[in-house]
Protein chains: 6
Amino acid sequence: MATLGLIEYADASPEIREIYDDIMATRKTDWINNFWKALANDPPTLRRTWTSVKEIMAPGALDPLTKEMLYVAVSVTNQCGYCIASHTVAARKAGMSDAMFAELMAVVGMANETNRLASGYQVEIDARFR
Amino acid sequence: MATLGLIEYADASPEIREIYDDIMATRKTDWINNFWKALANDPPTLRRTWTSVKEIMAPGALDPLTKEMLYVAVSVTNQCGYCIASHTVAARKAGMSDAMFAELMAVVGMANETNRLASGYQVEIDARFR
Amino acid sequence: MATLGLIEYADASPEIREIYDDIMATRKTDWINNFWKALANDPPTLRRTWTSVKEIMAPGALDPLTKEMLYVAVSVTNQCGYCIASHTVAARKAGMSDAMFAELMAVVGMANETNRLASGYQVEIDARFR
Amino acid sequence: MATLGLIEYADASPEIREIYDDIMATRKTDWINNFWKALANDPPTLRRTWTSVKEIMAPGALDPLTKEMLYVAVSVTNQCGYCIASHTVAARKAGMSDAMFAELMAVVGMANETNRLASGYQVEIDARFR
Amino acid sequence: MATLGLIEYADASPEIREIYDDIMATRKTDWINNFWKALANDPPTLRRTWTSVKEIMAPGALDPLTKEMLYVAVSVTNQCGYCIASHTVAARKAGMSDAMFAELMAVVGMANETNRLASGYQVEIDARFR
Amino acid sequence: MATLGLIEYADASPEIREIYDDIMATRKTDWINNFWKALANDPPTLRRTWTSVKEIMAPGALDPLTKEMLYVAVSVTNQCGYCIASHTVAARKAGMSDAMFAELMAVVGMANETNRLASGYQVEIDARFR
């Protein structure tokens, strides 16, 4: 078989269940999405990735909604279908309204455009920006 | 010559000066950065790009700081040197603290990592995310 | 019709069959995957692409498994679904174990993250790296 | 030393000189640009790459100017500084006017924007496009 | 619900219908593809995007077929499934033959290859290209 | 100032010095490259990134040379100048010969080409690859 299966909670080792439990408790949900069930095929990657995501996405100088919208911005730029779908839902849950989503998309689209205009016109960085 | 020159205010046509004036007034600055001076080689692109950027980056459902950080997130993902430099300065001006910058970078880095884990593990989109 | 059909062996010209035969002989398989059947719509592209792939992927200073894993690394970074699926299977066939796959994914994920941290922090290249 | 040197004509082996001669004759120039001098560190890559480029960029169903502009479009999208610089010059030499360059940039910028709007809005492919 | 619905003509506001009418009139078709029906969830983005696309894709120094092929080149490089499908159809409609499509693909593939050879070999930009 | 400075060892806090010491001990070198000196502006990111890199790049099912070459493959695909320079040096140090480098580049170039041919020809994934 080419791709690995998903590790369901019922079939998971105690080590993996502990992480699944932490994901559900941290996110206040009662289910685990496929991303984590796939990473569970490699417990060290599951643990390292979850630990990093948990630390990075916790409220800090930036609020959770802003962080989720940044996640969407990167995922859209990279054309990652899974990540666009999952983080758009996460951003909605964190409070993103239709109007916020519309502006998020507008900024992401525009930034992708002007990134190419800047490089295509071979614009040199202004001294004041260094 | 391979690349086009930059159109300085002193050498600009009335049509271009009008846009330069609007850029400076809107941004409350007294100078024009190289990006616009390069686009000025093609007045329709200068006008269209500025009109869109002005409309999109205006305060709305999202505040200007959030929009500038989204711009940085996209530019970093695309590795656009000019855009990283200019929009990081713009985000600073809009109020981005060192702590905010650090979290912005952490989220952008992590999103770029998990985007690839999701695609590399060929994770299917959960029914709940559709 | 928007997309071109797949050229099956039974319907292929002698020129295309010769390449199909070489693909199957080189890869020790008895079937042709869709990628080549699509390229067969343009025989010069089919021939040039196969000749290059055959030359590049042959054992040399790097072994076939390493080359297939590099192929997966690029395909994952580019989010190419077809290439991820086909080259993950090819790497498995060349000997990639579950543990190797897990480490491959971990490196690819991390590299995509630090690529953005390096550009986002606008890190200058060290003199020793030039 | 981290990076390989450039192989100048005077220091090149007969095998490499033969390719350099063909590059200059095909392009009707009397010099070799750095890209080829770098690839010359690996003669098989130099030969394979030049053979492919020569075949692909020759006039055919598409004229040389269109091909060079397509090359610029890809290079700008990928943010490859070297390729943007070299292929913009090549497109100029093939007849690209200032007005054509301006429109090329406008299309490349817009396509990069709508690519993200399409993925961010998770637009499904219309049945008529399949 | 995670994703927004498509706004059909029958359900559209007068403002949106006006844009849909202009799209159909400009493109000489009697239907609206999903991209615009999705953007219609945010009328300002629909209006701005259509206005820009209409202006940029109009015949000018470059003909419509060349512009559509450039659009395909960018979309393929970015791996945007929706955009590849829709703009390949548009290019066909604008006159792209099978032979033109084959050469377009060959150039896009080659440019993506040499973009990486140039950066991987860390090739410096020739003085003549600046 | 737009960009953050580099934190030199002499100016670093005990927390940062501890990480710098671990980097030098792990890598058997007596200096710290700019990437880490830049991340040190945010100690949590410095710590998390180093901990992950150390864990991921340690010898395991894949040897250090293979891991460094994978790192180069991703960095080249993403056009990250800093990462290409630093990881090419690291791969050299881990034993990458000129011949290995040449083949690495050839595979990365080819994969970037066929990724686009697969998406441009809209090739469906073979049942056997699922």
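These are my notebook entries on what I looked up in this structure, which is a predicted model.

**Entry 1: chain A against chain B**

I began with the contact between chain A and chain B, and I found 58 residues of chain A touching 58 residues of chain B. I then looked up the area that these two chains bury between them, which comes to about 5,600 Å², with 74% of it on carbon and sulfur atoms.

I next asked how many salt bridges the rule finds across the interface of chain A and chain B. The count is two, and I noted down one of them, in which the side chains of B:Lys67 and A:Glu103 meet at 2.9 Å, N to O. For polar contacts between chain A and chain B, the count is 22 residue pairs, with both residues at pLDDT 80 or more.

To see which parts of chain A are involved, I listed the elements that give two or more residues to the side touching chain B, and these are α2 (34–39), α3 (43–57), α4 (64–77), α5 (81–93) and α6 (98–120) of chain A. The largest share of that side comes from α6(A), with 15 residues. Sorted by class, the side of chain A that touches chain B has 34 nonpolar, 16 polar and eight charged residues.

**Entry 2: chain A against chain D**

I turned to chain D, where the contact takes 21 residues from chain A and 21 residues from chain D. Chain A and chain D bury about 1,800 Å² between them, and carbon and sulfur atoms give 57% of that area. Within chain A, the residues that lose the most area to chain D are A:Glu113, A:Arg116 and A:Tyr121, which together account for 29% of what that side buries.

I looked for salt bridges across the interface of chain A and chain D, and the rule finds zero, while it does find six residue pairs in polar contact, both residues at pLDDT 80 or more. The helices α4, α5 and α6 of chain A each supply at least two residues of the side that touches chain D, and α6(A) gives the most, with 13 residues. I divided the residues of this side by class and got 10 nonpolar, nine polar and two charged.

**Entry 3: helix α4 of chain A**

I looked at α4(A) by itself, and I noted that it has 14 residues and reaches 20 Å from its first C-alpha to its last, close to the 20 Å expected at 1.5 Å a residue. Is this helix enclosed by the rest of the structure or exposed? I found that 13 of the 14 residues of α4(A) are buried, so the helix is largely enclosed by the rest of the structure.

I also checked both ends of α4(A). At the start of the helix, a side-chain oxygen of A:Asp63 reaches to within 3.2 Å of the backbone nitrogen of A:Leu65, and after the helix comes A:Gln79, whose phi is positive, near 60°.

**Entry 4: A:His87**

I placed A:His87 in helix α5 of chain A, and I asked whether this residue is buried or exposed. A:His87 has a relative accessible area of 13%, and because the cut-off for buried is under 20%, I entered A:His87 as buried. Leaving out residues up to four places away in sequence, A:His87 touches A:Glu68, A:Tyr71 and A:Val72.

**Entry 5: salt bridges**

By the rule used here, I counted 37 salt bridges over all chains. In one of them the side chains of A:Asp22 and A:Lys54 meet at 2.9 Å, N to O. A:Asp22 lies in helix α1 (residues 14–27) of chain A and A:Lys54 in helix α3 of chain A, so this pair ties together parts that are 32 residues apart in sequence. A:Asp22 is partly exposed, at 25% relative accessible area, and A:Lys54 likewise counts as partly exposed, at 34%.

In chain D, I found D:Asp98 in a salt bridge with D:Arg92, where the closest N and O atoms are 2.7 Å apart, and D:Asp98 is partly exposed, with a relative accessible area of 48%.

In chain E, the side chains of E:Glu8 and E:Lys37 meet in a salt bridge at 3.1 Å, N to O. E:Glu8 lies in the segment before α1 (14–27) of chain E and E:Lys37 in helix α2 (residues 34–39) of chain E, so the pair ties together parts that are 29 residues apart in sequence. E:Glu8 is partly exposed, with a relative accessible area of 33%, whereas E:Lys37 is buried, at 13%. My last note is that salt bridges sharing partners join E:Glu15, E:Glu18 and E:Arg47 into one network.

Note on methods:
Residues are numbered from 1 along each chain as its sequence is written. Chains are lettered from A and ligands numbered from 1 in the order in which they are written. This is a predicted model: local features need pLDDT of at least 70, side-chain atom pairs count only at pLDDT 80 or more; totals for chains, interfaces and linings use all residues. Side-chain values use heavy atoms; hydrogens and water are left out. Contact means heavy atoms within 4.5 Å. Buried area is the accessible area (1.4 Å probe) that two parts lose on being put together, summed over both. A salt bridge is a side-chain nitrogen of Lys or Arg within 4 Å of a carboxyl oxygen of Asp or Glu. A polar contact is a pair of N or O atoms within 3.5 Å; within protein, one must be able to donate a hydrogen and the other to accept it, and residues adjacent in sequence count only if both atoms are side-chain atoms. Helices (H or I, at least four residues) and strands (E, at least two) are DSSP runs, numbered from the N terminus. Ala, Val, Leu, Ile, Met, Phe, Trp, Tyr, Cys and Pro count as nonpolar, Asp, Glu, Lys and Arg as charged, and the others, Gly among them, as polar. The expected span of a helix is 1.5 Å times one less than its number of residues. Buried means under 20% relative accessible area, exposed over 50%, partly exposed in between (1.4 Å probe, protein chains only).
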